[in-house]
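Here are my notes on the model you sent over. Have the structure open while you go through them.

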Amino acid sequence: MVEHVIVIGAGVYGAAVTAALTRRGAHVTVVDAGAPAGGTSGATFSWTNSCGKRPRAYHDLNVAGMAAHRKLAADVPHGDWYHEGGNLEWAADDAGRVELRKKVAGVLDYGYEAQWLSRVEALRLEPDMDPAELPEDEIAYFPREGWIEPSRLIGHLLSSAVADGAELVANDAVTGLEVTAGTVRAVRLTSRRRLAADAVVNCAGPQAAVIAELAGLVLPMRNTRGVLVSSSPAAISVSRVIHAPHVHLRPDGGGRLLLHTHEIDGAAQVSGTGEISVDPSAVDKVIEAGRALYPGLRASTVEGVRVGERPIPGDGLPVLGRVLALPNFHFAVSHSGATLSVHAGDLVAGEALGENHDEALAAFRFERPALAAR
Ligand SMILES: Cc1cc2nc3c(=O)[nH]c(=O)nc-3n(C[C@H](O)[C@H](O)[C@H](O)COP(=O)(O)OP(=O)(O)OC[C@H]3O[C@@H](n4cnc5c(N)ncnc54)[C@H](O)[C@@H]3O)c2cc1C
């Protein structure tokens with residue numbers, strides 16, 4: 001019987017899995033090499049969406065992820081880390097418009113909510129945008145999308161789990177797994193602590209392949225870095241996620257905005273000693289694009305720059321649930337984890353304790369041929 005579960009990693013996935021296991025009565029120890037939310041979950045755009053996600057099983061998982069956030073936030077008093085403000089997106093050129101039309105048609109076909117707005121209608125939602133930056137029409141609006149504040153979500157999930165008996169071990173990395181006869185028996189930490197385990201869940205995000213290797217498994221990953229810029233507080237009205245051609249932005253608490261564009265992701269450099277720096281001209285570029293769209297942002301400065309590493313399994317899809325060759329070792333690893341983790345973490349936790357989630361997890365198994373093929 002599974003009694004003691006070790007969860008490796010305290011990002012959105014580790015926190016969600018820990019909370020879901022504890023809710024089911026398991027004794028859980030969650031271990032992180034650093035502080036909770038100190039990994040990718042502390043440096044993410046965290047837009048909750050299933051906008052153009054394929055195949056269908058992945059789309060459905062993301063939609064279920066959005067629903068799980070909605071429910072959790074409604075169930076928890078002050079669960080206001082979740083913001084379902086919607087998302088506006090438009091394109092700058094003909095090729096972009098063709099792509100956007102294809103995306104909107106695709107999600108509508110899946111039964112997902114999407115509308116086309118005119119400039120006038122979009123400005124009713126976001127009146128502080130410069131009208132000159134918007135096309136006259138063909139502005140896509142996805143009303144059920146939004147964003148989360150991951151650190152606050154992780155704080156809630158971990159503190160409620162700890163209140164129910166879970167143990168949180170921070171600043172102590174997993175350095176080894178004891179595996180005998182196709183079973184993980186224990187986890188070893190930098191501190192030399194040894195934690196006996198009935199089951200282990202790998203929620204190590206971008207480091208998931210390293211943990212898999214400790215278990216003798218090869219997890220192909222193709223992680224990428226992303227650069228996020230936080231503005232100082234600005235007295236402007238921004239209520240939703242905006243995907244403009246050269247900048248993506250959303251509120252970031254206390255009047256700040258979080259800005260991103262894929263155009264500057266390559267500006268993050270890693271030195272030989274592992275230090276990460278970002279070319280300042282790339283930061284200027286994204287903040288200027290934000291200021292062009294929201295002129296009120298001209299009064300604000302850059303308050304912070306964060307670089308996050310997207311944990312992307314080799315074929316792009318999540319890796320979730322048990323491993324056939326090592327049945328008490330489980331994965332909860334994906335990109336889009338801000339959207340997916342509460343729902344997917346619940347499925348993984350249930351499976352670790354013997355529930356059958358084969359149907360929901362079939363497309364995301366570690367053994368799928370497409371994962372190994374990359
Ligand atoms: C720029 C950017 C934008 C993004 N935008 C979105 C978005 O809009 N919407 C969305 O849904 N998703 C988005 N994502 C993806 C999403 O943020 C991630 O999928 C999610 O945060 C991953 O969470 P995690 O818990 O798996 O990983 P992490 O948050 O990285 O947590 C893993 C934890 O494991 C710990 N760890 C690692 N190795 C060990 C070890 N040996 N021992 C113990 N602990 C260990 C780390 O310290 C870390 O705390 C984005 C990511 C980036 C980088």
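1. Start with β13 (residues 199-202) and β22 (residues 326-333): these two strands pair in the parallel sense, over three bridges. If you want a spot to click on, take valine 200, whose bridge partner in β22 is phenylalanine 329. Bear in mind throughout that this is a predicted model.

2. Now zoom out to the sheet that holds this pair. It is an open sheet of six strands, and the order reads β9-β2-β1-β13-β22-β21, with mixed pairing. The edges are β9 (167-169) and β21 (319-323); each has a single partner strand, so one side of each has no neighbour in the sheet. On average, neighbouring strands here are turned by 15° against each other, ignoring direction. As a reminder, strands of a sheet pair through backbone hydrogen bonds, in either a parallel or an antiparallel way.

3. There is also an open sheet of three strands, ordered β3-β8-β4, and there the pairing is antiparallel. Its edge strands are β3 (47-48) and β4 (82-83), each with a single partner strand, so one side of each is left without a neighbour in that sheet. Two bridges join β3 to β8 (residues 146-148). One nice detail to look at is a pair of tryptophans: tryptophan 47 has tryptophan 147 in β8 as its bridge partner.

4. On to the ligand. Which residues are the closest to the ligand? They are Asp32, Ser41, Thr44, Val174 and Gly337, out of 37 residues that surround the ligand. By class, that shell has 18 nonpolar, 16 polar and three charged residues.

5. Some polar contacts are worth checking by eye. The side chain of serine 41 places an N or O atom 2.5 Å from an oxygen atom of the ligand. Backbone atoms take part too: an N or O atom of glycine 337 lies 2.8 Å from a ligand oxygen, and one of valine 12 lies 3.2 Å from an oxygen atom of the ligand. Taken alone, the ligand exposes 1000 Å², and the protein buries 93% of that.

6. Where does the shell come from? α1 (12-23), β14 (224-231), β20 (302-310) and α8 (337-352) each supply at least two of its residues. In terms of domains, both domain 1 (4-64 + 150-220 + 315-373) and domain 3 (224-310) give residues to the shell, so the ligand lies between them.

Notes:
Residues numbered from 1 in each chain as written. Predicted model: local features only at pLDDT ≥ 70, side-chain atom pairs only at ≥ 80, totals over all residues. Heavy atoms only, no water. Near = heavy atom within 4 Å. Polar contact = N/O pair within 3.5 Å; in protein donor to acceptor, adjacent residues only side chain to side chain. Areas by Shrake-Rupley, 256 points an atom, 1.4 Å probe, with all protein chains shown as cover. Helix = DSSP H or I, 4+ residues; strand = E, 2+ residues; numbered from the N terminus. Nonpolar A, V, L, I, M, F, W, Y, C, P; charged D, E, K, R; others polar. Domains from an automatic or database assignment. Pairing = 2+ DSSP bridges. Axes fitted to C-alpha atoms, helices over the stretch in contact; angles between N-to-C directions.
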